[in-house]
Amino acid sequence: MTALSPIPAPSRAIDRLIIRQPDDWHVHLRDGPMLKAVVAYTARQFGRAIIMPNLTPPVTTAGMAAAYRQRIVRAAGKDSGFTPLMTCYLTDHTDPADLRDGRKRGIYTAVKLYPAHATTNSAHGVTDMEKLAPVFATIEEIGLPLLVHGEATSPDVDIYDREAVFIERTLAPMAKRFPGLKIVFEHITTRDAVAFVRTAGPTMAATITPHHLEHNRNAMFAGGIRPHLYCLPVAKREPHRLALREAATSGDAAFFLGTDSAPHKREAKEAACGCAGVFCAPMALESYAKTFDEEGRLDRLEAFASLNGPKFYGLPVNEKRIALVRAATPVAAEVKVGRSALVPFHAGATLNWRFEGLVAG
Ligand code: DOR
Ligand code: ZN
């Protein structure tokens with residue numbers, strides 16, 4: 001008698017997931033009343049977060065970064081357990097001595113490169129990469145990761161091609177010229193970026209947002225213009241979104257979580273010339289869980305959210321654990337800030353996952 005092959009056990013759906021506490025490797029917390037309105041959303045889910053420096057004026061010195069860090073810690077509450085990791089905004093006039101000093105004093109965790117006029121508050125960004133070569137050499141030498149907003153800004157480049165053109169014209173030559181420079185290609189939106197990161201070697205990594213995993217460019221125009229889904233880089237065609245989902249859920253250590261939560265008041269979004277940015281902090285982990293669940297890869301969420309980022313940055317992983325449960329979770333229609341409001345990602349919808357908070361273990 002021939003033995004019957006064993007019947008595979010039905011794969012049990014995961015209904016509760018306990019993972020090391022994640023970090024957000026890219027977030028905009030703003031300042032003043034906006035900071036006070038948004039910081040708790042990030043602090044309740046994440047152990048640490050890389051704080052974007054594109055304030056007005058931008059955070060361009062170690063002194064400014066130290067003061068901003070204090071304002072964040074105060075706004076989060078001293079007992080929040082949340083650690084902001086500060087970045088320096090590169091300009092044409094960045095002083096390498098300030099980078100060394102900020103690194104030595106433990107103020108800077110990374111350096112942010114905005115090509116001038118690429119996005120919100122980037123007017124003071126870098127106009128000429130070539131002139132900044134000595135600064136990149138210093139960053140390479142002192143070992144701070146360089147976080148790159150990867151979009152070509154030349155007006156002849158179509159908005160949907162900006163990322164791919166940036167790789168060709170700027171990022172690939174930069175990686176070649178500074179082989180020891182650790183680079184995080186921020187909020188990637190294309191299969192070109194996924195492919196580039198995969199072939200670039202261990203000094204190159206990328207963050208991926210929840211909204212770029214969920215929406216392609218059609219979503220911005222579904223039934224009318226949807227300003228709350230407009231961000232930079234803009235979402236691309238469906239094959240690009242699918243490439244991002246594959247990369248995020250692949251377990252490849254080069255890809256990790258960065259929400260790019262970027263709050264703007266409702267009236268600044270719903271305007272004739274609306275601001276770029278998706279406020280995704282309130283349901284960040286629930287949104288990522290949705291994607292990993294849909295891909296049948298909840299088992300790889302911890303690598304993406306909690307392990308790959310610290311590994312690339314050379315930081316310890318968080319010891320605390322958090323729980324996510326499968327449960328209908330309504331999302332608020334808005335979040336008040338002063339007399340105005342912010343409209344969060346998934347506003348008014350119901351998600352299938354809920355962040356339960358820290359758990360023992
Ligand atoms: O959509 C975006 N919003 N992209 C960015 O690069 C900046 C951000 C912001 O600061 O609002
Ligand atoms: Zn950003």
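**Figure 1. Zinc site, with His-28 and its neighbours in the predicted model.** His-28 has a relative accessible area of 7% and is therefore buried; buried means under 20% relative accessible area, exposed over 50%, and partly exposed in between (1.4 Å probe, protein chains only). His-26 is also buried, at 1% relative accessibility. Both histidines coordinate the zinc ion (ligand 2) through NE2, and Asp-260 does so through OD, with distances of 2.0 to 2.1 Å. Donors are N, O and S atoms within 2.8 Å of the metal (3.2 Å for Na, K and Ca); water is not among the atoms, so sites may look incomplete. Along the sequence the donor residues follow the spacing H-x1-H-x231-D.

This is a predicted model, in which local features need pLDDT of at least 70 and side-chain atom pairs count only at pLDDT 80 or more, while totals for chains, interfaces and linings use all residues. Residues are numbered from 1 along each chain as its sequence is written, chains are lettered from A and ligands numbered from 1 in the order in which they are written, and side-chain values use heavy atoms, with hydrogens and water left out.

**Figure 2. Helix 11 and its kink at Leu-307.** Helix 11 covers residues 301-313 and spans 18 Å from its first C-alpha to its last, close to the 18 Å expected at 1.5 Å a residue. Helices (H or I, at least four residues) and strands (E, at least two) are DSSP runs, numbered from the N terminus; the expected span is 1.5 Å times one less than the number of residues. The kink at Leu-307 is about 40° and comes shortly before Pro-310, the bend at a residue being the angle between axes fitted to the seven residues ending there and the seven starting there. Of the 13 residues in helix 11, 10 are buried, including Phe-304, Pro-310, Phe-312 and Tyr-313. Gly-314 follows the helix, with a positive phi near 70°.

**Figure 3. Nonpolar cores, with Leu-90 in the largest.** The largest nonpolar core contains 83 residues, and Leu-29, Leu-90, Ile-139 and Leu-146 have the most contacts inside it. A nonpolar core is a set of buried Ala, Val, Leu, Ile, Met, Phe, Trp, Tyr and Cys residues joined through side-chain atoms within 4.5 Å. Helix 1 (residues 32-45) gives the most to this core, with 6 residues. Another core, of 13 residues, lies apart from it and has Met-52, Leu-85, Tyr-89 and Val-184 among its members. Leaving aside residues up to four places away in sequence, Leu-90 touches Val-111, Leu-113, Phe-136 and Ile-139, among others; contact means heavy atoms within 4.5 Å.

**Figure 4. Salt bridges that link distant parts of the chain.** A salt bridge is a side-chain nitrogen of Lys or Arg within 4 Å of a carboxyl oxygen of Asp or Glu, and the whole structure has 22. Glu-186 and Lys-112 pair at 4.0 Å, N to O. Glu-186 lies in the loop between strand 7 (183-185) and helix 6 (191-200), and Lys-112 in strand 5 (residues 108-113), 74 residues apart. Both Glu-186 and Lys-112 are buried. In another pair, the closest N and O atoms of Arg-177 and Glu-130 are 3.2 Å apart. Arg-177 belongs to helix 5 (residues 162-177), and Glu-130 to the loop between strand 5 and helix 4 (133-142), 47 residues away. Arg-177 is partly exposed, at 46% relative accessible area.

**Figure 5. Salt bridge between Glu-334 and Lys-336.** The two side chains meet at 2.9 Å, N to O. Glu-334 is partly exposed, with a relative accessible area of 30%, whereas Lys-336 is exposed, at 57%.
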